[in-house]
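Here are some exercises to work through with the structure open beside you. Try each task before you read its solution.

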Protein chains: 2
Amino acid sequence: MSDGKPISIAFEQHDHNACLGKAMQAAQGYCEEHKLQLTPARRKVLELLLQEHRALGAYTILDLLREAGFNSQPPVAYRALDFLVENGFAHRIERLNAFVACALPGTEHSPAFMICRQCETVAETQSSESNFNFSTTADFSGFKIEQTIIEAKGVCNSCAEIEQL
Amino acid sequence: MSDGKPISIAFEQHDHNACLGKAMQAAQGYCEEHKLQLTPARRKVLELLLQEHRALGAYTILDLLREAGFNSQPPVAYRALDFLVENGFAHRIERLNAFVACALPGTEHSPAFMICRQCETVAETQSSESNFNFSTTADFSGFKIEQTIIEAKGVCNSCAEIEQL
DNA sequence: ATTATTATGTTATAATATTGCAATAGGAGA
DNA sequence: TCTCCTATTGCAATATTATAACATAATAAT
Ligand SMILES: [Zn+2]
Ligand SMILES: [Zn+2]
Ligand SMILES: [Zn+2]
Ligand SMILES: [Zn+2]
């Protein structure tokens, strides 16, 4: 086990019910403040994403929506996900064609993800200044970065221990 | 215009015929050295990718293969692309579901991409030490990074100038 | 030459995502 | 409230991206 402070919660033990409840409350509040409609389908999809610190594919979400009594055509899921991504409640994980709840909703941030190839947990952390060299290089050619995707594939601590055996 | 040296060539003016020829030569040599079969389909796909400093989708490549007289079933393109990616001649750009020729074939490197949303040029650069903060964060939770994808969307110098108008 | 490995041909299908249009609900102002 | 406008949803079809499965052919290894 490492001794740094847990910047990203996904791989750490934590009170996940509180984790989830807090996030839903935050979303609720943010929507009221910004006059956004957190409709039943959107709320449900966010709940589903918050349920696990893993990325879910659109069709997985669609199945879960169906189980919950929602209409189950693809646009239902994609529209809800679009809403959540556009408003910062979720992120799309490109390499998985999947979606994960944002760990820092409501704050301006440039996320980076650590994706365990074994248990598929997705931990979000901030890339912040981490791209110093990279953005310097960008400057050389006059390229203006608007959004950066950082996705690291690897293996989390507990999965690594299991692999050792 | 900036004054740094051009670390990535895609946005810079250059002798592209030489650029392409050199890359094909390098691929040829690498394959002979490593007993890899640079078969006609694989060679053609690599040529197509090298033709432009842009990412091409598998089905675009498939169309171009057909025009060049190759069999045009999806597996033809995907297999060739798999070969090229596995052996470091090309990279997959996740956010575009597309592929681009590697700018640094034969060298061990952790690529980062700058993708112009306007002209869709893809410039490859090295992320090298750029992820310092990020990997430090990774250490905190004991996560071991095996591969990192960095894709920056933005606008290149010349497209930005056009937008100004 | 025989065998094993690697690559290709071919068909079908899976998985992911979008379009278009009609119907409905929610919010703002008269 | 009523009307208008916009945002959201319902629904059917289709587009796009990617893989599975199995037969055949080419190449390499023995
Ligand atoms: Zn949690
Ligand atoms: Zn894990
Ligand atoms: Zn070039
Ligand atoms: Zn451009």
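A polar contact is a pair of N or O atoms within 3.5 Å. Keep that cut-off at hand for the first two exercises, and bear in mind that this is a predicted model.

**Exercise 1. Find the residues that come nearest to DNA strand C, then look at polar contacts with that strand.**

Step 1: Start with the neighbours. There are 15 residues around DNA strand C, and Tyr59(A), Arg92(A), Thr39(B), Gln73(B) and Arg79(B) come nearest. On the DNA side, sugar and phosphate make up 47% of the strand C atoms that come within 4 Å of the protein.

Step 2: Now check the bases. Arg79(B) has a polar side-chain atom 2.6 Å from a base oxygen of DNA strand C. Over in the other chain, an N or O atom in the side chain of Arg79(A) is 3.2 Å from a base oxygen of strand C.

Step 3: Move to the backbone of the DNA. Here the side chain of Arg92(A) places an N or O atom 2.5 Å from a phosphate oxygen of DNA strand C.

Step 4: Ask where the nearby surface comes from. Helix H4 (74–86) of chain A and helix H4 (74–86) of chain B each supply at least two residues, and the largest share, four residues, belongs to H4(A). By type, you get five nonpolar, six polar and four charged residues.

**Exercise 2. Do the job again for DNA strand D: which residues come nearest, and which helix gives the most to the surface near it?**

Step 1: Of the 14 residues around DNA strand D, the nearest are Thr39(A), Arg42(A), Arg79(A), Tyr59(B) and Arg92(B). Sugar or phosphate holds 50% of the strand D atoms within 4 Å of the protein, and bases hold the rest.

Step 2: Go through some contacts. The side chain of Tyr59(B) has an N or O atom 2.6 Å from a base nitrogen of DNA strand D. For Gln37(A), the partner is a sugar or linking oxygen of strand D, 3.5 Å from a side-chain N or O atom. Arg92(B) has a polar side-chain atom 2.5 Å from a phosphate oxygen of strand D.

Step 3: Two elements give two or more residues to this surface, H4 of chain A and H4 of chain B. H4(B) gives the most, with four residues. The residues here split into five nonpolar, five polar and four charged.

**Exercise 3. Work out the geometry of the site of the zinc ion (ligand 3).**

Step 1: List the protein donors: His14(B) (NE2), His16(B) (ND1), Cys19(B) (SG) and His53(B) (NE2), at 1.9 to 2.4 Å from the ion.

Step 2: Four donors count as tetrahedral if all angles lie between 85 and 135 degrees. The angles among the four donor atoms are 105 to 116°, and the site is tetrahedral.

Step 3: Read the spacing of the donor residues in sequence, which is H-x1-H-x2-C-x33-H. His14(B) sits in the segment before helix H1 (16–33) of chain B and His53(B) in the loop between helix H2 (40–51) and helix H3 (58–67), so the pair ties together parts 39 residues apart in sequence.

Step 4: Finish with accessibility. His14(B) is partly exposed, with a relative accessible area of 28%, and His53(B) is partly exposed too, at 22%.

**Exercise 4. Classify the ring pair Phe83(B) and Phe89(B).**

Step 1: A search of the whole structure turns up eight aromatic pairs over all chains.

Step 2: The ring centres of Phe83(B) and Phe89(B) are 6.3 Å apart and their planes are at 35°, so the pair is tilted. Both residues are buried.

Step 3: In chain A, look for one aromatic cluster formed by Tyr30(A), Phe83(A) and Phe89(A).

Key
Residues numbered from 1 in each chain as written. Chains lettered and ligands numbered in written order. Predicted model: local features only at pLDDT ≥ 70, side-chain atom pairs only at ≥ 80, totals over all residues. Heavy atoms only, no water. Near = heavy atom within 4 Å. Polar contact = N/O pair within 3.5 Å; in protein donor to acceptor, adjacent residues only side chain to side chain. Nonpolar A, V, L, I, M, F, W, Y, C, P; charged D, E, K, R; others polar. Donors = N, O, S within 2.8 Å, 3.2 Å for Na, K, Ca; no water. Tetrahedral: all angles 85-135°; square planar, octahedral: opposite > 155°, others 65-115°. Buried < 20%, exposed > 50% of the residue type's maximum accessible area, 1.4 Å probe, protein only. Phe/Tyr/Trp six-rings, centres within 6.5 Å; stacked < 30°, edge-to-face > 60°.
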